[in-house]
Amino acid sequence: MKRKLFVVLLSLSAAFLVSAVKTGVTPAKTFHTAAEKEMLTRMALTPIGPGDYFLTSASCSGCHGFDTLNQSNINEDGIDVNLFDRWQGSMMANSAKDPLWRAKVSHEIMVNPAHASALQDKCTACHAPMGHYNAFYKGNSPFLISDLINDSLGLDGVSCAGCHTIGPGAGSTFSGIIPYDTTRTIYGPFTNPFFGPMQLYEGYTPTYSPHMDQSAVCSACHTLITESVDLSGNFTGGEFIEQATYHEYLNSSYPAANIKCQTCHMPHEADPIVIANGFMNLQPRFPFNQHYFAGANHFMVELIKNNKTALGISTHDANFDSTLAATSRMLRENSVSFQLISDSITADTGYFRVKVLNKAGHKFPSGYPSRRAVLQLLMTDATGDTVFQSGIFDAQYRVVGETVPFEPHHRVINQNNESQIYEMVMGDVNSQITTVLERAAILLKDNRIPPDGFTTTSAVYDTVTITPDALADSDFNQLAGTEGTGSDFVGFHIPVTGVTGNVSVFARLFYQSVPPKWTDEMFLMNSAPIDTFRNMFLAADQTPFQVAEDSLMNLVLTGIGNPAATEQIQLIQNNSDGSITIITSGERIKRITVYDITGKRLLIINGNGTNRNNFRLTETTGIYFISAEGDETKATFKLFYKQ
């Protein structure tokens, strides 16, 4: 679906969307036993009233929350997996109370005060969808932050009804235009739903629909296109794609493989689960999607947990902890595959590559444009001193040596403090870097790693473009000129002249949800929401999240730093029989050590009291490093050995 079609879709009025969804369904009557009626009476909450379209999550918690009798919502190991508790600690549940979001809305309003109402109405569509759309359906738009703070529906964030009342038309609208079914139908992924309690006491009719187990249900808020303004706040007629996670997914191999957003972000519980309390005769459901909504925003989940009282959040720490654990697993196990490769070490240069393979079904990183990943590489000598460094953070967790205004994409890094940073950078109408979303007009940089199968010929590519610097890199999402690898190889050419002895190389990948650099522009201003977030941010642990690491230990350099050593110690390889001879110019040979290409020690040969030593390798054909030590001299040789 190309961007031209988006313009048409975005011009649709919400009123048209409401009229297009299903209407006129009359709930069927049902019969309950005396025991069922007693139980339903005990847990009954106020049903949906006239003119109301949603209920808060509290209405769902009675059946889908913690069961004190431990009769349902537990797996075969006795672990409680109820929907309500898992959701409560997520960013979805806290989207309307998210202090960064509140601060950013305030920032945008202060920059363009004439757009205050429209900005708030647009932002609440996805961060407080039930409050926003309930107001719209009642003719009370726009829905503002001042409305939100007193609205229980809005404050419930992306809640149960906020997702499960999205109609089958999901996938056709974006940028907060959510195709809700307003007939009090609530959709689920299981056939033959037990609809009596929900229909009788909550006013919803549970209905099976396959769209609830499809990525399309996420599309309305996970592709966001904004209208650009100039520095005076005038609309330019242009648009900017702030985020397009859903369309990144469409431009991948994942849809064809039937891997959906829910597959990763709502992973299946291994056991069938009875999902409603008090009804043990219900059919256990499988596959059961856990409602962690695990993403990559570990930093903000932890910040919200640590400030929950100030934010008016009553969720138990344990619920946040389960989300944090799931988010950690997502980042460390399901985000990337990571490998440090040693190509060769010559007289003056060590040649290494780092391979970062994206395992997600969208770009890495994806979503809100503050997010970025930093590739770090560090070489140390035998004493632990730094020989080379790239992607290092300072005490404020800013990248040391980062180019102003932003670091370019690199195919090869050969200087200290050059860094590979995977990120999206927005530019205003003057091509200057900006973090004001409404001022975003052009894409200055996007070298975020595409997903597997991503191509520039896809029908949706104009919505998920990458910038020319990364496109020109033959190692970025390409193999022999063919697109779609979902990976990036970064070369590191490290100067080693003057370095002797063994070295070790460490590669790490870090994720930053909210880098300090992103907050600089906003923190120049003051408002209650900005000040609140600033205080929380500065008090938070901003340590970047380590996603992956690899290392090569005790690699042997060639001893070029001591030219005399190679004159006093010589290596001779006899190609006829494969033997090797070490000869010194007078001093005795004390020890010979053989390493493979990874730095693994294979063999130690003690000296024989002379200046000459012959030996033979039993290893297979390959590259080896041979370290020879005399009484006063040491040299290391790189050898291509052929059996």
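Among the contacts in this predicted model that link residues at least 6 apart in sequence, 67% join residues at least 24 apart. The chain holds 21 helices and 25 strands, and of its 643 residues 53% are buried.

In soluble globular proteins, nonpolar side chains tend to be buried together. The largest nonpolar core of the model has 38 residues, of which F352, V354, L377, M379, F492 and L509 touch the most other members. Two or more residues of this core come from each of the strands β7 (336-345), β8 (349-358), β9 (372-381), β10 (386-390), β16 (482-495), β17 (502-512) and β18 (545-556), and the largest share, 6 residues, is that of β18. A second, separate core consists of 25 residues, F240, L303, I304 and M522 among them. Returning to the largest core, L509 illustrates the contacts of one of its members: when residues up to four places away in sequence are left out, L509 touches V336, F338, V356, F364, A373, V374, L375, Y422, F545, Q546, V547 and A548.

Two helices can be described in detail. Helix α17 (residues 317-333) has 17 residues, which at 1.5 Å a residue should span 24 Å, and its end C-alpha atoms are indeed 24 Å apart, in agreement with that expectation. Its buried residues are N319, F320, S322, T323, L324, A326, T327, S328, M330 and L331, and what covers the buried residues of α17 includes the helices α5 (83-88), α15 (261-265) and α16 as well as the strands β17 and β18. Helix α20 (residues 528-539), with 12 residues, should span 16 Å at 1.5 Å a residue, and the 17 Å between its end C-alpha atoms agrees with this value. In α20 the residues I530, F533, R534, M536 and F537 are buried, and the buried residues of this helix pack against α6 (99-111), α16 (298-306) and α19.

The second largest pocket of the model encloses about 440 Å³ of space. Of the 24 residues that line this pocket, E402, P405, I433, K517 and W518 are the closest to its centre, while the elements that contribute two or more residues to the lining are β13 (424-427) and α19 (516-519). By residue type, the lining of the second largest pocket divides into 12 nonpolar, 4 polar and 8 charged residues. Helix α19 thus appears in two settings, giving two or more residues to the lining of the second largest pocket and packing against the buried residues of α20.

How values were computed. Residues numbered from 1 in each chain as written. Predicted model: local features only at pLDDT ≥ 70, side-chain atom pairs only at ≥ 80, totals over all residues. Heavy atoms only, no water. 1 Å grid on protein atoms, 1.4 Å probe; cavity = no way out; pocket = protein on both sides within 12 Å on 5 of 7 lines; lining within 4 Å. Points joined across faces, edges and corners; volume = space filled by probe spheres on them. Helix = DSSP H or I, 4+ residues; strand = E, 2+ residues; numbered from the N terminus. Nonpolar A, V, L, I, M, F, W, Y, C, P; charged D, E, K, R; others polar. Core = buried A, V, L, I, M, F, W, Y, C linked by side-chain atoms within 4.5 Å. Buried < 20%, exposed > 50% of the residue type's maximum accessible area, 1.4 Å probe, protein only. Contact = heavy atoms within 4.5 Å. Expected span 1.5 Å × (residues − 1).
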